[in-house]
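Open the model in your viewer and keep the selection tool handy. We will go from stop to stop, picking residues and looking at what surrounds them.

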Amino acid sequence: MIMAQSSIEWTEMTWNPTTGCDKLSAGCKFCYAEVMTRRLKAMGLEKYSNGFDITIHENELETPYTWKKSRMVFVNSMSDLFHNDVPVEFIQKVFKVIKENPQHVFQILTKRADVLLEYDNKGLLEWTHNIWMGVSVESEKFMERIALLQQTHARTKFLSCEPLIGPLPRMNLKGIDWAIVGGESGRTPRPMQKEWVEDITQQRKLGICLTVRSI
Ligand code: SF4
């Protein structure tokens, strides 16, 4: 088990009950999780022996119960909980762990907003107060994820506009509580334009909190 103190500015811990993923959209190009997985597998970590294939880690379901101090926890920094290969029954187990650990806040972030909404529409997800549900929106092309998130019953909703690789004009931010904006990292990052961030900052006046990571 990796006790994951996080260097990500907007969280304190990472918790990965699943690992692995498949690239889905433009923002996945330099996926941090994929690079890290390769590294951790090469280091011989059993948890990453399947490489970047979706892998369920039932044993990780115990981990949050061992954290006594209240924490902000990013769920699945190394995966996407709503990947099609993650059984909904396992997602429900993750939500149960979250429910039974109200002392922590769990930030779940997905690019698979369609799967998220499908499960929510079927009444398969129990939204407790300590879940912050977010979708990644890297450019205008993927803004429909916002609308899908807005239709869910998650109590706190957020956007990760990171890596921001295009402008996000005229977003409908109704019901969105928080947004993270950041540029791409890696050796050959696609540049983020200052104007795109300024535009989001203007839209922020609609009432959301905004965390800008790098320009
Ligand atoms: S959805 Fe996230 S974890 Fe999956 S490939 Fe894309 S960036 Fe990586």
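Select helix 5 (residues 194-203) and colour its buried residues: Trp196, Val197, Ile200 and Gln203. Buried here means under 20% relative accessible area, exposed over 50%, and partly exposed in between, with a 1.4 Å probe and protein chains only. Helices (H or I, at least four residues) and strands (E, at least two) are DSSP runs, numbered from the N terminus. Look down the axis of helix 5: its buried residues fall within an arc of 115°, so they line one face of the helix. That arc is taken from the directions from the helix axis to the C-beta atoms.

Before moving on, a word about what is on screen: this is a predicted model, in which local features need pLDDT of at least 70 and side-chain atom pairs count only at pLDDT 80 or more, while totals for chains, interfaces and linings use all residues. Residues are numbered from 1 along each chain as its sequence is written, and side-chain values use heavy atoms, with hydrogens and water left out.

**Helix 1**

Next, select helix 1 and pick out Ala33, Met36, Thr37 and Leu40, its buried residues. Viewed down the axis of helix 1, these fall within an arc of 105°, so they line one face. An α-helix has 3.6 residues a turn, so residues three or four places apart point the same way. Now turn to the face away from the buried side, where you will find the exposed residues Arg38 and Ala42. Just after helix 1 comes glycine 44, with a positive phi near 90°.

**The largest pocket**

Stay with helix 1, residues 32-42, and add strand 6, residues 105-110: each supplies at least two residues of the lining of the largest pocket. The volume of this pocket is about 810 Å³. To find its centre, select Tyr32, Ala33, Ser77, Lys111 and Glu162, the closest to it of the 32 lining residues. What classes of residue make up the lining? There are 13 nonpolar, eleven polar and eight charged residues.

For the terms: on a 1 Å grid over the protein atoms alone, a cavity is a set of points where a 1.4 Å probe fits but cannot get out, and a pocket is an open set with protein on both sides within 12 Å along at least five of seven lines; lining residues have an atom within 4 Å of a point. Grid points are joined across faces, edges and corners, and a volume is the space filled by probe spheres set on the points. Ala, Val, Leu, Ile, Met, Phe, Trp, Tyr, Cys and Pro count as nonpolar, Asp, Glu, Lys and Arg as charged, and the others, Gly among them, as polar.

**A cis bond and two positive phi values**

From Glu162, step to proline 163: the peptide bond between them is cis, with omega near 0°. Proline 163 sits in the loop between strand 8 and strand 9. In that loop you can also select arginine 170, which has a positive phi of about 50° although it is not a glycine. Arginine 170 is exposed, at 70% relative accessible area. Compare asparagine 76, in the loop between strand 5 and helix 2, where phi is near 65°. Asparagine 76 is buried, at 3%. Most residues other than glycine have a negative phi, and most peptide bonds are trans.

**Aromatic pairs**

Show the rings of phenylalanine 82 and tyrosine 119, a tilted pair at 6.3 Å centre to centre with 45° between the planes. Rings of Phe, Tyr and Trp (its six-membered ring) pair if their centres lie within 6.5 Å; planes under 30 degrees apart count as stacked, over 60 as edge-to-face and the rest as tilted. Both phenylalanine 82 and tyrosine 119 are buried. Then select Trp10, Phe74, Trp132, Phe158 and Trp178, which form one aromatic cluster.

**Salt bridges**

Last stop: lysine 47 and glutamate 60, a salt bridge with the closest N and O atoms 2.9 Å apart. The term covers a side-chain nitrogen of Lys or Arg within 4 Å of a carboxyl oxygen of Asp or Glu. Lysine 47 and glutamate 60 are both buried. Finish with glutamate 184 and arginine 190, whose closest N and O atoms in their salt bridge are 2.6 Å apart. Glutamate 184 is buried, at 13% relative accessibility, whereas arginine 190 is partly exposed, at 21%.
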